[in-house]
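Here are a few exercises to help you find your way around a new structure. Keep the sequence and the 3D view open, try each task, and then read the solution.

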Amino acid sequence: MSDTPRSTESDPVSSTVQVRRRSAGRTLVRLGQPLATTRARHPVLWRLTTTVIGVSIALVLSGTFSAFTDYLLATGAAMSIVILGLSFLTGFSGQVSLGNGVFFGVGCYAFALWSNHQSNSSIPEDLVVATIAGALAGLVVGLPATRLRGPYLAGMTIAVAISFGFLIDQFSTWTNGDQGINVQGQFTAPGWLAHLIGSSVSSPRATSMWGADIVFVVTGLAFFLMANLFQSRKGRAMRLMRENDVAAELVGVSLPAARVTAFVVSAACAGLGGGLTTLVATTVYGSTFNLALSIEILTLMVIGGIGSLSGSLLGGLFYAYSMTWIAQLISGLGISTSSNLGSQMNNIIFGALLIITVLVAPLGIAGTTRFVISRQLARWRSPN
Amino acid sequence: MDAFLTSRNVSDILNGLVNGVVFGLVGLGLVLIWRATRILNFALGALATGGAYLGLGLLSYNVPFWWCFVLSIPAGMLLGGLTERLLVRPLYGKPEINPIVAMVGLLFLIEAVIGSVWGTQQRSILPPFSYVDFHLGANVLKLSPLSVFQISTALVLALAIGALFRFTNLGLQLRASAVAPEVSRLLGVRVGRMLTLGWMLSCGVASVAAVIISSGFISGLTPAGMEGPFAAGFIAAAVGGLESPSGALVGGIALGVLEQFVTDYFNPNLVLPYTLLVLIVVLMIRPHGLFTRQVVRRV
């Protein structure tokens, strides 16, 4: 599955190119020999198979983990959808958003409010509401994106992220401010699942595993849809727009429409991720949705690799375990968690990682790995 | 006359001036860096807070306020210079997103480092000025010795920066290296040094803004205290087009007054959303700001 923004493999012309190789003064020209590519014959089927296999493995493994691990992995998977949305926005349409934490928050609130208000609503219905709410917020914020470029847009989204806290306060009759909302009527695992892992329906382990399984399935679905979008006509148009917007306009891409679409898709992903997070966390606190959250999402995307599916998954995994790792690091260094340094360690590490990644490996983990592998392959193919 | 000067609207204007000059200074700092290096410095607020903490932290050691205030300027300049040399210089000529991401990372890092050294609780700074408002007869004029000090400091600083750029040889070199770096280099201007100096000036200006905003009666220094003024300062500068220093200053003052009106007549929670709305409306009508000419893009 090819998911780098700069892959030329999707171009049918370059898959059968002339390979010109110079060796010992002679020039070898091979015509019409196809290059080895990772492109599958039926890409959609291939993506579907990969997704189904990946989700199945996750589902089986979720039965062997503890309740806490299941919970961590579920939050990580939900966050990976949010990261994927931002990755699409930045890596494909070339726009930077520092406000995706806002769309995430809108999804969280929409899920909690809808499921509390419509007491007999099903989980899929709540998730759809969260996604739509996120998409609508993305539409509102994204409309100015038709006129704004790069730093202007980033500055506007940072102002949106800062003002979201004030809006939560303003609508505290709905959001309940820092006291937060509890999601009523927690979901329960079905009997067969509890029977399968040999525990009762109401046990925390069964509940946690069922929640994680729902999140894994939805995450798989979201990644499958986004992978198809990445390689679709729309996705290619957006990549062209990122590389050269004038050229894109000349070949008939409507820039304003493409820019807003990218924003809406990205925000819908963030809303869905927020809904899933609320599903497993069952509480929403207003203080969660500050500027730091948006920056954390950006950090995770950059570390994983901008515009990469596998990078988004890595970012989600990193998110799931970062808190545990940092807590271990703090106790390992002998710092008290209540001290100033201990409480700020999380942000210090995230900020430093962001800077280091940009300076040393701007392609992120996924992009750098791909780069190293392709260079090794090229060396291996032409040994001189 | 007295009744007019103490009326609700004039009080709002006078109240808004303090915030306004702070936004103006932050906007001025952003414009200085943007013109020279085409980078929007998202970490400016955090760098300024760092400068203010370094300078005003000395208050704990019974150093007089004036010394702390003066020292916070070179402290901010030092942070700005270091940032340019170590972090920004490798990023010139890279894709647009790289400096944005790096600056956001720096913002996060500096706020966290400040919090880990000095704690996140508010540190109050009491300058040697009374915060009691002047009286006009029985009515209150919404100006105090403190706010007069705050406003005049900001305006003097802005004028000094303007004079530096307008009338000195150094200012000419700074402007030249921002407009035409290659030609300036051929003519013997140390362009790299000028860029560093531009960053230092910008952060020094912003440090003064941080000291002003945190020296009020109820306000104080907090690590994230400059986030709001940064957003407002960016909006002021962007409305002016990110190119015009005087536009940023005027825009900042107008924004501060507007925010005071929104606080008074509507709701303090809606201040930033409303200012954001102003930015969006202005940029929808004039995408390159109010004070700049439309630049024709070369394909």
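**Exercise 1: two packed helices**

In this predicted model, helix α14 (residues 340-360) of chain A packs against helix α5 (residues 97-118) of chain B at an angle of about 160°, and their axes are 8 Å apart. Work out whether α14(A) and α5(B) are roughly parallel or roughly antiparallel to each other.

*Solution.* Start with the angle, which is about 160°. Next, recall the cut-off: angles over 145 degrees count as roughly antiparallel. The two helices, α14(A) and α5(B), are therefore roughly antiparallel to each other. To complete the picture, add the handedness: α14(A) passes α5(B) in a left-handed crossing.

**Exercise 2: a threonine in chain B**

Find Thr83(B) and decide: is it buried or exposed?

*Solution.* First locate the residue: Thr83(B) sits in helix α4 (residues 65-88) of chain B. Then take its relative accessible area, which is 8%. Buried means under 20%, so Thr83(B) is buried. Finally, look at its surroundings. Leaving out residues up to four places away in sequence, Thr83(B) touches Leu47(B), Val88(B), Met103(B), Leu106(B) and Trp199(B).

**Exercise 3: a serine in chain A**

Find Ser200(A) and say which class its accessibility puts it in.

*Solution.* Begin with the place: Ser200(A) lies in the loop between α7 (191-196) and α8 (204-231) of chain A. Its relative accessibility is 42%. Partly exposed covers the range between 20% and 50%, so Ser200(A) counts as partly exposed. For its neighbours, set aside residues up to four places away in sequence; Ser200(A) then touches Ala194(A) and Ala206(A). You can also check a distance: the C-alpha atoms of Ser200(A) and Ala189(A) are 9.2 Å apart, with their positions 11 residues apart along the chain.

**Exercise 4: the nonpolar cores**

Which helix gives the largest share of the largest nonpolar core?

*Solution.* Look first at the core itself, which has 181 residues. Among the members that touch the most others are Leu276(A), Phe289(A), Leu25(B) and Met103(B). The largest share, 14 residues, comes from helix α2 (residues 8-37) of chain B. Now zoom in on Leu25(B): beyond its neighbours within four places in sequence, its contacts include Ala154(B), Leu157(B), Val205(B) and Leu249(B). A second, separate core of 6 residues includes Ala189(A), Leu193(A), Ala194(A) and Met209(A).

**Exercise 5: chain A as a whole**

How many helices and strands does chain A have, and what percentage of its residues count as buried?

*Solution.* Chain A has 15 helices and 4 strands. Of its 384 residues, 49% count as buried.

Terms used: Residues numbered from 1 in each chain as written. Chains lettered and ligands numbered in written order. Predicted model: local features only at pLDDT ≥ 70, side-chain atom pairs only at ≥ 80, totals over all residues. Heavy atoms only, no water. Core = buried A, V, L, I, M, F, W, Y, C linked by side-chain atoms within 4.5 Å. Buried < 20%, exposed > 50% of the residue type's maximum accessible area, 1.4 Å probe, protein only. Contact = heavy atoms within 4.5 Å. Axes fitted to C-alpha atoms, helices over the stretch in contact; angles between N-to-C directions. Parallel < 35°, antiparallel > 145°, perpendicular 65-115°, else oblique. Left-handed = near helix turned anticlockwise from the far one by under 90°.
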